[in-house]
Amino acid sequence: MKISFIISLIISQLIFLAAFSCSDDDEPTSCKDRKLFLNEQRNQIRAFAETSICSDDFECRFIAFGSKPCGGPWEFLIYTTSIDTLELTNWVTDFNTLEATFNQEGCGGMSTCDTPQPPIGFNCVDNTCIPIY
C-alpha cells in the first residue's frame, strides 16, 4: 500500500510540474486549474494521514494544514507515528507553500482571519486519535 501511495505522490507531483511549468508560448495556468490541483493534493494528504492508527505503540500528533488568504492554517491535521511522519510533514509543508503562493497571486479568494485552535491533547478511541481542545 505504501508503494502505491508513493507512486501516486510522484505522479501527482509530475502532473503539477507539467501543469505549472511555463515556456514563452504557454498561457498561464488558470486559477481554476490550480485550485483543482490543490484540492486533489489536500484530499490525498488527508487520506494518507487517515491511514494512521493510534495505540500504545503510536503517538498522536498534529500539524498546521493549509494556508488561508488572510494568513495562518485552515486546520490542524491529526495523524500518528504509525505512518512515515517525515513524508507527511514534507508533503504538508510543500502543500502549504503552494497554497500560500496561490493566495498571494490573487487566486485564493477570501477567508476568515481567525486561527483554529490546536488540540491540547488526545484520546485514542478505536485506534483513532480524538483531539481534546
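Here is a short chat about a predicted model, going through some of its cysteine links, its salt bridges and the residues around them.

Reader: What makes Cys-31 and Cys-107 a disulfide?

Author: Their sulfur atoms sit 1.8 Å apart. The cut-off is a pair of cysteine sulfur atoms within 2.5 Å, so Cys-31 and Cys-107 qualify. The structure holds four disulfides.

Reader: Which parts of the chain does the pair Cys-31 and Cys-107 link?

Author: Distant ones: Cys-31 is in helix H2, while Cys-107 is in the loop between helix H3 (85-104) and strand E3 (121-125), 76 residues apart. The link of Cys-31 and Cys-107 is left-handed, with -55° about the S-S bond.

Reader: Why is Cys-107 called buried?

Author: Its relative accessible area is 15%. Buried means under 20%, so Cys-107 gets that word. Cys-31 comes in at 34%, and since partly exposed runs between 20% and 50%, Cys-31 is partly exposed.

Reader: What about Ser-30, where is that found?

Author: Ser-30 is in the loop between helix H1 (2-20) and helix H2 (31-50). Its C-alpha atom is 8.9 Å from that of Cys-107, although the two residues are 77 apart along the chain. A polar atom of the Ser-30 side chain also lies 3.0 Å from the backbone nitrogen of Asp-33.

Reader: Why is Ser-30 described as partly exposed?

Author: Ser-30 has a relative accessible area of 31%. That falls between the 20% and 50% limits, so partly exposed is the right label for Ser-30.

Reader: How do you know that Cys-70 and Cys-113 form a disulfide?

Author: The sulfur atoms of Cys-70 and Cys-113 are 1.7 Å apart, and the limit is 2.5 Å, so the pair counts. With 95° about the S-S bond, this link of Cys-70 and Cys-113 is right-handed. Cys-70 lies in the loop between E1 and strand E2 (75-80) and Cys-113 in the loop between H3 and E3, so the pair ties together parts 43 residues apart in sequence.

Reader: What makes Cys-113 exposed?

Author: Cys-113 has a relative accessible area of 55%. Exposed means over 50%, so Cys-113 passes. Cys-70, at 37%, counts as partly exposed.

Reader: Why is the contact of Glu-105 and Arg-34 called a salt bridge?

Author: The closest N and O atoms of Glu-105 and Arg-34 are 2.6 Å apart. The rule asks for a side-chain nitrogen of Lys or Arg within 4 Å of a carboxyl oxygen of Asp or Glu, so this pair fits. The count comes to five salt bridges. Glu-105 is in the loop between H3 and E3 and Arg-34 in helix H2, 71 residues apart. Arg-34 is buried, at 14% relative accessible area.

Reader: Which helices do Arg-42 and Glu-99 tie together?

Author: Arg-42 and Glu-99 meet in a salt bridge at 2.4 Å, N to O. Arg-42 lies in helix H2 and Glu-99 in helix H3, so parts 57 residues apart in sequence are tied together. Arg-42 is buried, and so is Glu-99.

Reader: Lys-68 and Asp-114 meet in a salt bridge too; is each one buried or partly exposed?

Author: Lys-68 is at 6%, and buried means under 20%, so Lys-68 is buried. Asp-114 is at 45%, which lies between the limits of 20% and 50%, so Asp-114 is partly exposed.

Note on methods. Residues are numbered from 1 along each chain as its sequence is written. This is a predicted model: local features need pLDDT of at least 70, side-chain atom pairs count only at pLDDT 80 or more; totals for chains, interfaces and linings use all residues. Side-chain values use heavy atoms; hydrogens and water are left out. Helices (H or I, at least four residues) and strands (E, at least two) are DSSP runs, numbered from the N terminus. Buried means under 20% relative accessible area, exposed over 50%, partly exposed in between (1.4 Å probe, protein chains only). A polar contact is a pair of N or O atoms within 3.5 Å; within protein, one must be able to donate a hydrogen and the other to accept it, and residues adjacent in sequence count only if both atoms are side-chain atoms.
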